[in-house]
Structure formats: C-alpha cells, structure tokens
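Please find below a short note for a colleague who is meeting this structure for the first time. The points can be read in order, with the sequence and the model at hand.

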Amino acid sequence: MSKLIYIMSTSLDGYVEDETGAFGWVNPDQVFAFITELLRPIGTLLLGRRLYETMAYWDAPVEGYPPEHRDFARIWQKPEKIVFSRTLTDATTRNMRVERDFDPEAIRKLKRESEHDISIGGAELAGLALEADLVDECHLFLNPVIVGGGKPAFRAALRRNLELLETRRFGTGVIHLRYRIRGGTL
C-alpha cells in the first residue's frame, strides 16, 4: 500500500500564500535538490488547479532548463498527474488528467493499488484529504518569514495528532519537518 504525502512550503505563521496570493517569499535555495529527492519515488501527483498551473512550467523539454534544474523537470514529468478542477477542461501537459470532484473512496482505492507513494499538493485539496483521513505524512518546509495572513497550509478547525519523524535545517533558515499523521484510516 502506498502513502499519501502532503508536501508544502509555508511561512513561519503557517501560510502557503500571502493575502495577495503571492508566494515569492519562499526561498528555494538549498531546498530545491532536497525536494527533487522527495519527489523521485512518487508515482502519482494529486494537484489543485492553481498549483498545477504553476508547476506546468516544468513540462517543457528538459534540455531547455538550466542544468541544475533538469533533474527536477525529469522527476516532475514522470508521474501521473491528477488535477482537481472545475474550470480546466482538457489535459494540458503529459501524464495529466482532470477530475471535477474530489472522491475520497477513489483516493483510498488509488492508495491500495499504487506501487509508489502519492503526493498531494495545494492547500485546499490537501485539506479535503486530511479531513477524509487519507494523508499519511506531511512534509513542511518552514520559511523564515511571517506574512501575516493569506491561504493557510491547514484548514481552520482541522485537528490531527502528528508524530515528528525527521527535521532538517538549511543554511537559508528553512526547516524541513516530516510528520506522520497518527490515527488515520484507510
């Protein structure tokens, strides 16, 4: 059985975007290669529309990226991508399909049948998966900035007990926190 893993960069006060929808305060230096390795074993990416549209940049021919980013492009292009959107009508990148609604039972089935772990991205989509007890791990990249408001990494009123599995501090002040969700269900 595969794990469903939520990977997200957040501000120190817990936001993935500020009040204007910007996330330019995320510092990818040093973290980029680490995230590439996190994604390497992933077989399926579950993405919200906005995150998908941001990440679609990585679907171009690999040779067009700077050499230090080509491995990430290869890693991002490889897995199946399921994008949850009510506005997208067609696949716009390779290995991508659109789903209109989030169906927890379909994700449970995917977890049971998948040979590789699954990543979920987009705070709203991950919130639905957390509420349905589908998420097994959270990988948070805590950035040394307070943005004061915006889109939270976790929905209000959501409560889950977590077990800290691993931490890593980067020279930029970013801290990676890896947690296991306690008491989730299949």
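The numbered points below take up a loop residue, then the salt bridges, and then the aromatic rings.

1. Please keep in mind throughout that this is a predicted model, and that the values given here are computed from that model.

2. A convenient place to begin is L12, which sits in the loop between strand 1 (4-11) and strand 2 (15-17). With a relative accessible area of 52%, L12 counts as exposed, because the cut-off for that word is over 50%. Once its neighbours within four places in sequence are set aside, L12 still has contacts with L142, N143, V145 and I146. By contrast, R94 is 82 residues from L12 in sequence, and the two C-alpha atoms are 35 Å apart in space.

3. Turning to charged side chains, the structure contains 19 salt bridges. One of them joins D101 and R86, with a distance of 3.0 Å from N to O. This pair links distant parts of the chain, since D101 is in the loop between strand 5 (96-99) and helix 4 (104-113), while R86 is in the loop between strand 4 (80-84) and strand 5, and the partners are 15 residues apart. As for their surroundings, D101 is partly exposed at 46% relative accessibility, whereas R86 is exposed at 66%.

4. Another salt bridge is formed by the side chains of D136 and K111, at 2.8 Å from N to O. Here too the pair links distant parts of the chain, with D136 in the loop between helix 5 (123-131) and strand 7 (137-143) and K111 in helix 4, 25 residues apart. Is K111 buried or exposed? Its relative accessible area is 2%, and K111 is therefore buried, while D136, at 22%, counts as partly exposed.

5. The side chains of E124 and K151 also meet in a salt bridge, with 3.5 Å between N and O. Because E124 belongs to helix 5 and K151 to strand 8 (residues 151-152), the pair ties together parts of the chain that are 27 residues apart in sequence. K151 has a relative accessibility of 19% and so counts as buried, the cut-off being under 20%. Beyond single pairs, salt bridges that share partners bring K3, E137, E166 and R178 together in one network.

6. Which residues make up the aromatic cluster? F32, Y57, W58, Y65 and F72 form one such cluster, and a search of the whole structure finds 10 aromatic pairs. Among these pairs are F32 and W58, whose ring centres are 5.8 Å apart and whose planes meet at 45°, so the pair is described as tilted. The two rings come from distant parts of the chain, F32 from helix 1 (residues 31-39) and W58 from the loop between helix 2 (49-55) and helix 3 (70-77), 26 residues apart. F32 is partly exposed, with a relative accessible area of 22%, but W58 is buried at 10%.

7. A last item concerns a charged residue beside a ring: K81 lies over the face of W76, at a distance of 4.5 Å from the ring centre.

Notes
Residues are numbered from 1 along each chain as its sequence is written. This is a predicted model: local features need pLDDT of at least 70, side-chain atom pairs count only at pLDDT 80 or more; totals for chains, interfaces and linings use all residues. Side-chain values use heavy atoms; hydrogens and water are left out. Helices (H or I, at least four residues) and strands (E, at least two) are DSSP runs, numbered from the N terminus. Buried means under 20% relative accessible area, exposed over 50%, partly exposed in between (1.4 Å probe, protein chains only). Contact means heavy atoms within 4.5 Å. A salt bridge is a side-chain nitrogen of Lys or Arg within 4 Å of a carboxyl oxygen of Asp or Glu. Rings of Phe, Tyr and Trp (its six-membered ring) pair if their centres lie within 6.5 Å; planes under 30 degrees apart count as stacked, over 60 as edge-to-face and the rest as tilted. A charge sits over a ring if NZ of Lys or CZ of Arg is within 6 Å of the ring centre and within 35 degrees of the ring normal.
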